[in-house]
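Student: Before we begin, could you take me through the reasoning behind the labels used here, setting each value against its definition?

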Amino acid sequence: MDATLVGETTAQAQQRTTKHYQSRRGALIWFFRKSRDLWKSKYQTLKASVKQLKNRVADLTKSRELWRLQAEQANDQLGALKAEIVGLQAKVEALTREKKNDQDGGPLRFDATEQQVPCGQQYPLGVVQRFVSLVIDKGASFRCAAGALDLLNPPTSPEENSPVWSTGRLWLLRVGLAALLGPKLIAEDWVWMLDHSIQIGQCKCLVILGIRLSDFTIGRPLHHQDMELIDLVPMTNATKQTVAVCLEDAVSKTGVPRAIESDHGADLHGAAEIFRQRHPETDEFYDIKHKAACLLKARLEGDQRWKQFASLSGRQSSRLNKPSWRAWFLPVSDRRRAS
């Protein structure tokens, strides 16, 4: 019965619709189909626009949350920096008050421990410590350190005097001797660096410096404070056999090293090869500075323009070398080997 009612209703609607249109049925079909397609296309366009707007709203919401998080982090950092500034200002004020109470930069003050004179010495421990610190930590020369101590801690009586630079040099030699004779840690990650000192007469010293790989900091060059003196051997006849014997003696101090670095001199490179035959777990490296110098020499020694430049540079050095004020204009000295 429901189907019959639906059929009758549809037929009545078609009759009513047909009465209102005078055009033929084929034209009406084309017109209504075109109208439907237009409305459908318009709906699809609006649907795509709505989707784009929704995506944009989502992106803006996500960006707003990200910026809000960054702003909160920046506020936290700003608060921490403000607190750090307050602490630094307090330290500056404390140091300023301490400086004002220090009798306008008078002589150095030593505590009871620093006023003690070591056995067999003439100067207090504080003077020795400050002289050594000026040379090692601040890079001052011996004469500069002696002058600074004389200025900051002048003698209070004719019997007293400030240490001269030669006395400070003896103190530094003792510090170096303590570093040489002090015990080293036996480990498997030592890296040795070999080189000879400048020859004095018929003698030169074999220097073995070391650093552990666990103490090596990537991203910055090595400093003198990073290295440890493993051995210092005076030698009058430096051959690969004699240097190899010194390397074997150094094993008793640090153990077998992980690697050995040198400038690949005949005696050092040969000694390293002999050492590696007994200890194959040790690697050998060529010093990059000497390697680059050798490559640069091989590249330039056949270039006539470089020879002409080196000749002109040498002649200019001889012309400007006599007056002291012209020393600033001297070209860099030509060295046959990198050091």
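**Sheet and aromatic cluster**

Tutor: Let us start in strand E5, where Phe285 is the bridge partner of Glu261. This is a predicted model, in which local features need pLDDT of at least 70 and side-chain atom pairs count only at pLDDT 80 or more, while totals for chains, interfaces and linings use all residues. Residues are numbered from 1 along each chain as its sequence is written, and side-chain values use heavy atoms, with hydrogens and water left out.

Student: What makes E4 and E5 paired strands?

Tutor: Two strands pair if DSSP finds at least two bridges between them, and 4 bridges join strand E4 (residues 259-262) to E5, so the criterion of at least two is met. The two strands run parallel, and Ala259 stands opposite Asp283 in E5. Strands themselves are DSSP runs of E with at least two residues, and helices are runs of H or I with at least four, both numbered from the N terminus.

Student: Why are E3 and E5 called edge strands?

Tutor: The open sheet of 5 strands has the order E3-E2-E1-E4-E5, with mixed pairing. Strand E3 (228-235) and strand E5 (283-286) are its edge strands, since each pairs on one side only.

Student: Why is the contact of Tyr123 and Trp171 called edge-to-face?

Tutor: Rings of Phe, Tyr and Trp (its six-membered ring) pair if their centres lie within 6.5 Å, and planes under 30 degrees apart count as stacked, over 60 as edge-to-face and the rest as tilted. The structure holds 5 aromatic pairs; in one of them, Tyr123 and Trp171 lie 5.8 Å apart centre to centre with 80 degrees between the planes, and the pair is therefore edge-to-face. Tyr123 lies in the loop between helix H2 (25-100) and helix H3 (125-136) and Trp171 in helix H5 (residues 165-181), so the pair ties together parts that are 48 residues apart in sequence.

Student: How do you know that Trp171 is buried?

Tutor: Buried means under 20% relative accessible area, exposed over 50%, and partly exposed in between (1.4 Å probe, protein chains only). Trp171 has 7% relative accessibility and therefore counts as buried, and Phe131, at 0%, counts as buried too.

Student: What makes Arg143 a charge over the ring of Trp165?

Tutor: The definition asks that NZ of Lys or CZ of Arg be within 6 Å of the ring centre and within 35 degrees of the ring normal. Arg143 lies over the face of Trp165, at 4.3 Å from the ring centre, so the distance condition of 6 Å is satisfied.
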